[in-house]
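Colleague: Could you take a close look at the salt bridges in this model and walk me through the partners, their places in the chain and their exposure?

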Amino acid sequence: AQGRSANVTRGGMEPGRLAERLKAWPAGGRLVCLGDSTMAGEPFWHRLSMCTLVAQGIGDSVDVIDLSVPGFDSDDVLAYGQLACSAPQTLVIAYFGHNEFLRARRLRANVPGWAAGLARSLRSLRLYRVIEGLVPQRNDRASDVGDTEDSPDAIYAQFDTNVTSLIERCGKRHLVLSTVVSNPDFRMPADGQTLRQTARAGTGSPGGGGRRAAAGPRINEILEANAAATGTPIVHAEQALSHVPNGDFWDHLHPKPTVHVALAKAILTVAQNEGWIAGFRAPAVRLSAAELASGQRDRALYALQFDPAWSERLLRELPRSAKPDALVLLAEALAAFLLDQDARLNAALVTVDAAIAADPVETARWARCAGPEGGEPERAQPPSQPCNLACVPWCGRYLVDDAERSELVARAAQVAGPILSRLLERF
């Protein structure tokens with residue numbers, strides 16, 4: 001495992017249990033990690049992250065309370081920070097700011113006024129997520145949650161307030177902040193365009209796509225200003241990563257292990273300079289090659305629905321196993337179609353079809369998923385999205401429009417068997 005600390009809590013904690021945990025001071029000291037999916041180490045989820053690497057650097061006996069949770073915004077970070085910093089800590093590290101425009105306090109116009117008011121009043125108590133269940137979703141695209149009704153200025157003002165409050169609460173508990181980084185080479189689809197149209201036009205939003213993930217520069221300016229005003233140590237992530245290529249990201253904002261290692265070293269150096277730790281071991285990645293490949297596969301498949309060129313880049317880097325991975329091969333075929341790579345598309349479709357046909361078990365699974373001629377396909381259970389088939393992680397409507405889908409199905413019918421053609425027609 002990446003982290004070997006004997007006492008590790010991962011992914012948040014019920015407030016009562018957290019308070020009880022904080023009563024005793026551990027012999028090896030204690031590290032608290034606050035943040036969102038980046039701090040949590042997506043796609044390795046608390047097995048490899050700047051938190052686990054900082055813990056590794058301090059020593060295996062350190063008590064780790066990792067309170068990072070995917071989707072957390074500054075309201076969430078502050079709520080957990082206020083609890084965690086009620087007791088002394090060896091080190092508190094915080095990396096957040098990407099999710100301010102995904103805040104759960106965004107309430108749609110048709111939500112009753114009493115629900116909106118109650119959600120806002122209970123937000124700091126962490127109960128607002130119950131009220132959030134009253135909020136209708138406008139779409140079902142993965143990670144596409146719509147726009148906030150709050151103005152950008154209001155969002156930034158709330159973020160500033162929350163950072164100020166976190167420093168007031170945790171500043172004397174050995175808090176180290178960090179600015180945040182996004183992938184400038186990742187291109188989200190342009191409004192009103194399909195992925196293929198965006199690729200053809202060379203348009204799209206860099207660095208993760210508009211406000212959703214482009215946390216800097218204003219988010220970083222707020223973090224840096226608060227740190228400077230209070231003397232709070234802060235890691236300037238862009239400087240810490242000056243030697244790390246932009247390609248060391250999984251997607252629009254989640255970094256690869258090299259970035260986590262660099263940020264962990266920077267945090268440990270700050271902590272040592274402040275005199276909070278006597279020294280540290282150089283953190284290193286301890287995951288196996290198979291675990292790293294599995295994470296890359298997950299992110300490559302995810303990225304296809306936003307930036308097929310980035311997805312293709314990750315897919316090319318994947319190690320190939322003796323048994324073909326039909327889903328990876330299908331992703332390569334779809335990327336080739338979306339990027340107008342006609343020669344690669346034909347070859348990829350043939351390869352996918354051969355992988356499905358090579359194993360009777362796989363043939364039966366994909367046939368069941370695509371559904372019989374004139375019958376219904378197999379939907380994912382429970383459905384993460386209403387349009388998801390059981391065998392693929394994407395909704396076709398977000399990859400292609402009707403005309404593009406017809407073209408793709410026709411291309412498949414020329415070189416592949418009926419299972420793949422039905423799948424592309426129905427996913």
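**Salt bridges, pair by pair**

Modeller: In this predicted model, the side chains of R411 and D342 come together in a salt bridge, with N to O at 3.7 Å. That pair links distant parts of the chain, since R411 belongs to helix α18 (residues 402-415) and D342 to helix α16 (residues 342-358), the two being 69 residues apart. R411 is buried, because its relative accessible area of 14% lies under 20%, whereas D342, with a relative accessible area of 43%, is partly exposed.

A second salt bridge joins the side chains of E312 and R316, at 3.4 Å from N to O, and here both residues lie in helix α14 (residues 308-317), four residues apart, which is about one turn of the helix. E312 is buried at a relative accessible area of 10%, while R316 counts as exposed because its relative accessibility of 54% is over 50%.

R365 and E362 also form a salt bridge, with their closest N and O atoms 3.1 Å apart; these residues are about one helical turn from each other because they sit three residues apart in helix α17 (residues 360-370). R365 is partly exposed, having a relative accessible area of 30%, and E362 is buried, with 17%. Beyond such pairs, E42, D251, D298 and R299 are joined into one network by salt bridges that share partners. The structure as a whole holds 21 salt bridges, among them the R411 and D342 pair described at the start.

Technical notes:
Residues numbered from 1 in each chain as written. Predicted model: local features only at pLDDT ≥ 70, side-chain atom pairs only at ≥ 80, totals over all residues. Heavy atoms only, no water. Salt bridge = Lys/Arg side-chain N within 4 Å of Asp/Glu carboxyl O. Buried < 20%, exposed > 50% of the residue type's maximum accessible area, 1.4 Å probe, protein only.
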